[in-house]
Amino acid sequence: MRILITNDDGIYSPGILALARAAQRFGQVRIVAPDVEMSSAGHSITSSRPLTYKRTPIAGFEAYRVNGTPADCVALGTHNWEKVDLVLSGINLGSNLGNAIWHSGTLAAARQAVLFGLRGIALSTPVTQEEPDFQALLPAVQDVLEMLVNTDVQLMNVNFPSHPPQGVRWTCQSVRHYDGEVVSGKDPMGRSHFWFVVKPIEGTDPDSDRWAVEHGYTSVTPLRIDLTDERLRSARSQPPIES
Ligand code: MN
């Protein structure tokens with residue numbers, strides 16, 4: 001099995017090396033990731049300038065850095081390495097829960113894999129003041145990969161808690177609250193500036209991704225590409241198209 005590893009934190013993130021190490025027992029691993037951090041890049045692609053693909057071995061892994069987005073990395077990675085079976089994205093330094101799925105470059109890379117007809121799994125863990133302890137997390141990462149790699153899972157969002165988990169919960173995306181807000185301030189020259197930041201959400205829906213991570217579980221959320229609201233569509237009557 002060929003496993004392409006990417007992320008949105010950049011190729012030198014400790015999370016990507018941790019994921020490559022966890023994944024190597026499942027197949028042949030190659031890293032293709034952005035040359036700088038692209039967190040919150042979402043599913044953007046680079047269409048107005050050329051991309052480069054430069055060899056950058058990392059801790060014994062075959063690796064390449066791309067001057068583009070996470071989705072670009074999946075495109076170039078699968079173009080330059082045929083017959084990739086699975087794309088793993090992460091391990092992101094920061095949870096990707098609820099509405100963060102819209103902004104996340106980590107998730108977008110996994111989704112780009114599915115758009116190419118491959119399978120994609122995004123993996124994230126919270127960051128507090130300290131860097132995540134990836135060594136302590138390794139058994140949990142391997143357990144999740146064991147559970148998901150050899151299945152027909154198409155697109156999956158995995159979030160680990162900050163400490164070794166007490167188990168796995170199959171969850172839904174938490175969308176009851178939105179966690180984005182604008183905070184304004186002044187720069188040292190007295191000029192106004194703004195930060196679009198994430199604020200903590202209190203009170204979570206049971207069964208949601210956020211609840212699971214807050215309660216010490218690994219959250220596993222199956223996602224889909226088709227965003228059609230079938231409930232609304234089926235409520236409209238329209239004549240069939242004649243062929
Ligand atoms: Mn990130």
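What follows is a friendly conversation about how the terms used for this predicted model are justified.

Me: What makes D8, D9, S39 and N92 donors of the manganese ion?
Reply: Donors are N, O and S atoms within 2.8 Å of the metal. The atoms in question are OD of D8, OD of D9, OG of S39 and OD1 of N92, and they lie 2.0 to 2.3 Å from the manganese ion. That range is within the cut-off, so these atoms count as donors.

Me: What spacing do the donors follow along the chain?
Reply: The pattern is D-D-x29-S-x52-N. The pair D8 and N92 links distant parts of the chain, 84 residues apart: D8 is in the loop between β1 (2-6) and α1 (14-23), and N92 is in strand β5 (residues 86-93).

Me: Are D8 and N92 buried or exposed?
Reply: Both D8 and N92 are buried. By the definition of that word, this puts each under 20% relative accessible area.

Me: How many salt bridges does the structure hold?
Reply: There are eight salt bridges. Side chains of opposite charge can pair when their charged atoms come close.

Me: Why is the pairing of D207 with R169 called a salt bridge?
Reply: The definition asks for a side-chain nitrogen of Lys or Arg within 4 Å of a carboxyl oxygen of Asp or Glu. For D207 and R169, the closest N and O atoms are 3.7 Å apart, so the pair qualifies. D207 sits in the loop between β10 (192-198) and α6 (209-214), while R169 is in strand β8 (residues 168-170), so this salt bridge ties together parts that are 38 residues apart in sequence.

Me: How do you know that D207 and R169 count as partly exposed?
Reply: Partly exposed is the class between under 20% and over 50%. D207 has 47% relative accessibility, so it counts as partly exposed. R169, at 34%, counts as partly exposed too.

Me: What makes R176 and D205 a salt bridge?
Reply: The closest N and O atoms of R176 and D205 are 3.0 Å apart, and the limit is 4 Å. R176 is in the loop between β8 and β9 (180-186) and D205 in the loop between β10 and α6, so the pair ties together parts that are 29 residues apart in sequence.

Me: Why do R176 and D205 get their labels, exposed or buried?
Reply: R176 has 53% relative accessibility, so it is exposed, as the cut-off is over 50%. D205 has a relative accessible area of 18%, so it is buried, as that class is under 20%.

Me: How do you know that R233 and E230 are separated by about one helical turn?
Reply: They are three residues apart in helix α7 (residues 230-234), which means about one helical turn between them. Their side chains meet in a salt bridge at 3.1 Å, N to O. Both are partly exposed: R233 has a relative accessible area of 47%, and E230 has 37%.

Me: Why is helix α2 (residues 70-79) described as largely enclosed by the rest of the structure?
Reply: Eight of its ten residues are buried, so the description follows. Among the buried residues of α2 are P70, A71, D72 and C73. The buried residues of this helix pack against β1, β2 (28-34), β3 (53-55), β4 (62-66), β5 and α4 (105-115).

Me: Why are α1 and α5 called oblique to each other?
Reply: The axes of α1 and helix α5 (residues 134-148) cross at roughly 50° and come within 9 Å. Angles under 35 degrees count as roughly parallel and 65 to 115 as roughly perpendicular. The angle here fits neither class, so the helices are oblique. Their crossing is right-handed. Residues of α1 including P14, A18 and L19 belong to a group that meets residues of α5, among them F134, L138 and V141.

Me: Why do S40 and K83 count as exposed?
Reply: The cut-off for exposed is over 50%. S40 has a relative accessible area of 59%, so it is exposed. K83 reaches 72%, so it counts as exposed. S40 is in the loop between β2 and β3, and its phi is near 65°, a positive value in a residue other than glycine. K83 is in the loop between α2 and β5, with a positive phi near 60°.

Notes: Residues are numbered from 1 along each chain as its sequence is written. This is a predicted model: local features need pLDDT of at least 70, side-chain atom pairs count only at pLDDT 80 or more; totals for chains, interfaces and linings use all residues. Side-chain values use heavy atoms; hydrogens and water are left out. Donors are N, O and S atoms within 2.8 Å of the metal (3.2 Å for Na, K and Ca); water is not among the atoms, so sites may look incomplete. Helices (H or I, at least four residues) and strands (E, at least two) are DSSP runs, numbered from the N terminus. Buried means under 20% relative accessible area, exposed over 50%, partly exposed in between (1.4 Å probe, protein chains only). Contact means heavy atoms within 4.5 Å. Axes are lines fitted to C-alpha atoms, for helices over the stretch in contact, and angles run from 0 to 180 degrees between N-to-C directions. Angles under 35 degrees count as roughly parallel, over 145 as roughly antiparallel, 65 to 115 as roughly perpendicular and the rest as oblique. A crossing is left-handed if the near helix is turned anticlockwise from the far one by less than a right angle, and right-handed if clockwise.
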